[in-house]
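Student: Could you walk me through this one and show me how each label is earned?

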Amino acid sequence: MSEDERATTGRQHGGDIDPERQLAALREIRTVGDPVLREQAKPVVAFDRALKDLSRRMIRIMHDAPGIGLAAPQIGVTRRVIVYDLERPVTLVNPEICSESAETEVMDEGCLSVPEAAVAVERPARIRVRARDLRGHELEYDAEDLEARVIQHELDHLNGILILERTSREERARALRGLRRHEPAGTAF
Ligand code: NI
């Protein structure tokens, strides 16, 4: 299955979107122009109940929105926590990229915080990620294709970076025109 097929066969375009839940989720997501999206998120130090609650809430909002990934700053929490779901929900706490491939790939990315826009973003095709799980245990693994992409996209959110800064001036201008016309976006992270 190609990356694009995988992107469009996920929950994203599933027929089970509940409009009320979707609206409630979208209301919780901060969008471009909100200063919280430009902040550097702080590392998590306590692996406690509040962290588990945050993860659960983020996964619910991501599923309802729907998107394939979400970072805590997108719901106004400036902590280094990301979630994504390609086959099953994953929570990464204090994620870091330890290495990345020289080879890059270009794919259209949407973002729940940049509604109605999808822009071409070039990123390393493969990465090695290190993070903690909800219990504070260290994780380290290799990711490629869409998984590598969603992790890099969410990690950008932790550093205050949006897809608009990861694309060409032309793509950015096109996306902003699309914002005004309310064109449908592709896969949203
Ligand atoms: Ni995003």
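Tutor: Sure, and let's start with a ruler: the expected span of a helix is 1.5 Å times one less than its number of residues. Helices here are DSSP runs of H or I with at least four residues, strands are runs of E with at least two, and both are numbered from the N terminus. Keep in mind that this is a predicted model, where local features need pLDDT of at least 70, side-chain atom pairs count only at pLDDT 80 or more, and totals for chains, interfaces and linings use all residues. Residues are numbered from 1 along each chain as its sequence is written.

Student: What does that ruler say about α4, and how far does α4 reach?

Tutor: Helix α4 covers residues 145–158, 14 in number, and the expected value is 20 Å. From first C-alpha to last, the model gives 21 Å, which is close to that. For α3, with 16 residues, the rule predicts 22 Å and the end C-alpha atoms lie 23 Å apart, so the two agree.

Student: What makes a residue of α4 "buried"?

Tutor: Count the other C-beta atoms (placed from the backbone) within 10 Å of the residue's own: 20 or more is buried, 12 or fewer is exposed, and in between is partly exposed. Twelve of the 14 residues in α4 pass the buried test, so the rest of the structure largely encloses this helix. Among them are V150, I151 and L155, but also charged-letter entries such as E147, R149 and E154. Over the whole protein, 34% of the 189 residues are buried.

Student: Why is R135 called buried or exposed?

Tutor: R135 has 9 other C-beta atoms within 10 Å, so it counts as exposed. It sits in the loop between β6 and β7. Its C-alpha is 5.8 Å from that of F47, although the two are 88 residues apart along the chain.

Student: How do you know which strands form the sheet, and in what order?

Tutor: Two strands pair if DSSP finds at least two bridges between them. Five strands link up as β1-β2-β3-β6-β7 in an open, antiparallel sheet. β1 (69–71) and β7 (138–144) are its edges, each pairing on one side only. β6 (residues 126–132) shares seven bridges with β7, and β3 and β6 share five, so both pairs clear the minimum of two.

Student: Which partners mark the β6 and β7 pairing?

Tutor: A131 is bridged to L139 in β7, R132 to E138, and R126 to E144. Five residues separate the two strands of this hairpin, and G136 there has a positive phi near 95°.

Student: What lies across the sheet's strands, and at what angle to β2?

Tutor: That's α3 (residues 49–64), crossing β1, β2 (81–85) and β3 (89–100) at about 40° to β2. Axes are lines fitted to C-alpha atoms, over the stretch in contact for helices, and angles between N-to-C directions run from 0 to 180 degrees. "Contact" means C-beta atoms, placed from the backbone, within 7 Å. The buried residues of α3 pack against α2 (19–28), β1, β2 and β3; M58 and I61 are two of those buried residues.

Student: What makes something a "nonpolar core", and which residues touch the most other members?

Tutor: It's a set of buried Ala, Val, Leu, Ile, Met, Phe, Trp, Tyr and Cys residues joined through C-beta atoms within 7 Å. The largest one has 40 residues, and M58, I61, A65, L70, A72, I82 and I151 have the most links to other members. α4 contributes the most, six residues. Beyond its neighbours within four places in sequence, I82 contacts residues including A71, L92 and L155.

Student: How do you know how confident the predictor is?

Tutor: Through pLDDT, its confidence in each residue on a scale from 0 to 100. The average is 90, and 87% of residues score at least 70. Residues 1–13 fall below 50, so that stretch misses the cut-off of 70 for local features.

Terms used. Contact = placed C-beta atoms within 7 Å.
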